[in-house]
Amino acid sequence: MENFMEILSSNRSFGGWHRRYRHRSSTLDCEMQFAVYLPPQAERGERLPVLYWLSGLTCTDENFMQKAGAQRLAAELGLVLVAPDTSPRGEGVPGDPDGAWDFGLGAGFYLNATQQPWARHYRMHDYVVHELPALIEAHFPVSDKRGISGHSMGGHGALVCALRNPGRYHSLSAFAPISQPSACPWGEKAFGRYLGEDRASWREWDACELLAQAPERLPILVDQGESDGFLTEQLRPAALQAAAEAAGHPLTLRLQPGYDHSYYFIASFIDDHLYHHAAALRQP
């Protein structure tokens, strides 16, 4: 039953297929949904590289697939796109006791929770890094070449997944990532509840901390809107740049004048990120 996938929808797109699935996750102990875009090359028997996209707070698998406009170029480049949900959901999965939007359901922060009542279900890191790719690679015509990207909370997730798992990914990028979650309100709230009050345990889930000890120098592309309302308090791109410079880690941080935190921003620069990933993922 763990490998059973129920197809929820299927839509033709740029010669390929956008499909949504539901499956039972053993890692998260609940049912999960995810979306896959299969470019036309998949129907010709090619085993294609995969770009995993991690979305932000309150999002689901649908936001990126519907709003980013990535399918056209993914079809041209022969990239499979995979978008998981942002947290465990369903009956019995605890959320925020006060119903807040920035914690719990829709706000899994792509970590492995250690504190109750969240430890049983909130293991999004293991789900994204291990269980979901194993499912994708078992059931779709893909190779083991993986890239990862994301937005906001998902940008944090992409950075942390790649930095914690050297050799697992061939390419990495992010849009407006929560760069230093251990030092911003969103991250402090999530880490304090999911991981406990010992801030030393937070370091392994903070990109700025991980850069200092990263054994792999995977080039990172980051785009950040200068008119993003969360720029200074929550996202802290300057901290990411400082950490990369101190570690000698290759980072291209582009500050985009006039752009905000929305999918209008993502759609404006998604092609650059797809080219960035394709350059690494399509190498022999």
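This report describes the nonpolar core, one helix, two strand hairpins and several salt bridges of a predicted model.

## Nonpolar core

The largest nonpolar core of the model comprises 93 residues. Within this core, the residues with the most contacts are Phe 34, Phe 109, Ile 136, Ile 148 and Tyr 194. Helix H9, spanning residues 263-281, gives the most to the core, contributing 8 residues. In soluble globular proteins, nonpolar side chains tend to be buried together.

The surroundings of Tyr 194 can be listed in detail. Leaving aside residues up to four places away in sequence, Tyr 194 touches the aromatic residues Phe 103, Phe 109, Trp 118 and Tyr 122, together with Gly 104, Ala 107, Gly 108, Leu 111, Ala 113, Thr 114 and Gln 115. Phe 109 thus appears both among the residues with the most contacts inside the core and among the contacts of Tyr 194.

## Helix H8 and its two faces

Helix H8 covers residues 237-247, and its buried residues are Pro 237, Ala 239, Leu 240, Ala 243, Ala 244 and Ala 247. These residues lie on the same side of H8, because they cover an arc of only 155 degrees around the axis. An α-helix has 3.6 residues a turn, so residues three or four places apart point the same way.

The face of H8 turned away from the buried side carries the exposed residues Ala 238, Glu 245 and Ala 246. The cover over the buried residues includes three helices, H4 (153-164), H6 (207-211) and H7 (231-235), and two strands, E8 (220-225) and E9 (251-256). Just after H8, Gly 248 adopts a positive phi of about 70 degrees.

## Strands E1, E2 and E3

Strand E1 (residues 5-13) runs antiparallel to strand E2 (residues 16-25), and 8 bridges join them. The two strands form a hairpin with 2 residues between them, and in the turn Phe 14 has a positive phi of about 50 degrees. Strand E2 also pairs with strand E3 (residues 30-38), again in the antiparallel sense, over 9 bridges. In this second hairpin 4 residues separate the strands, and Asp 29 takes a positive phi near 55 degrees.

Trp 17 provides a point of reference across the three strands. Its bridge partner Arg 12 belongs to strand E1, while Leu 38 in E3 stands opposite Trp 17.

## Salt bridges

The model contains 19 salt bridges. Side chains of opposite charge can pair when their charged atoms come close. Arg 12 and Glu 43 form one such bridge, at 3.4 Å from N to O. This pair links distant parts of the chain, 31 residues apart, with Arg 12 in strand E1 and Glu 43 in the loop between E3 and strand E4 (48-54). Arg 12 is partly exposed at 48% relative accessibility, whereas Glu 43 is exposed at 52%. Asp 29, in the hairpin of E2 and E3, forms a salt bridge with Arg 24, with the closest N and O atoms 2.8 Å apart. Both partners are partly exposed, Arg 24 at 36% and Asp 29 at 25%.

A further salt bridge joins Asp 96 and Lys 189, whose closest N and O atoms are 3.9 Å apart. Asp 96 lies in the loop between strand E5 (80-84) and helix H3 (124-139), and Lys 189 in helix H5 (residues 185-195), 93 residues away. Asp 96 is buried, with a relative accessible area of 12%, while Lys 189 is partly exposed at 24%. Through shared partners, salt bridges join Asp 96, Asp 102, Lys 189 and Arg 193 into one network.

Conventions. Residues numbered from 1 in each chain as written. Predicted model: local features only at pLDDT ≥ 70, side-chain atom pairs only at ≥ 80, totals over all residues. Heavy atoms only, no water. Core = buried A, V, L, I, M, F, W, Y, C linked by side-chain atoms within 4.5 Å. Buried < 20%, exposed > 50% of the residue type's maximum accessible area, 1.4 Å probe, protein only. Contact = heavy atoms within 4.5 Å. Arc of directions from axis to C-beta. Pairing = 2+ DSSP bridges. Salt bridge = Lys/Arg side-chain N within 4 Å of Asp/Glu carboxyl O.
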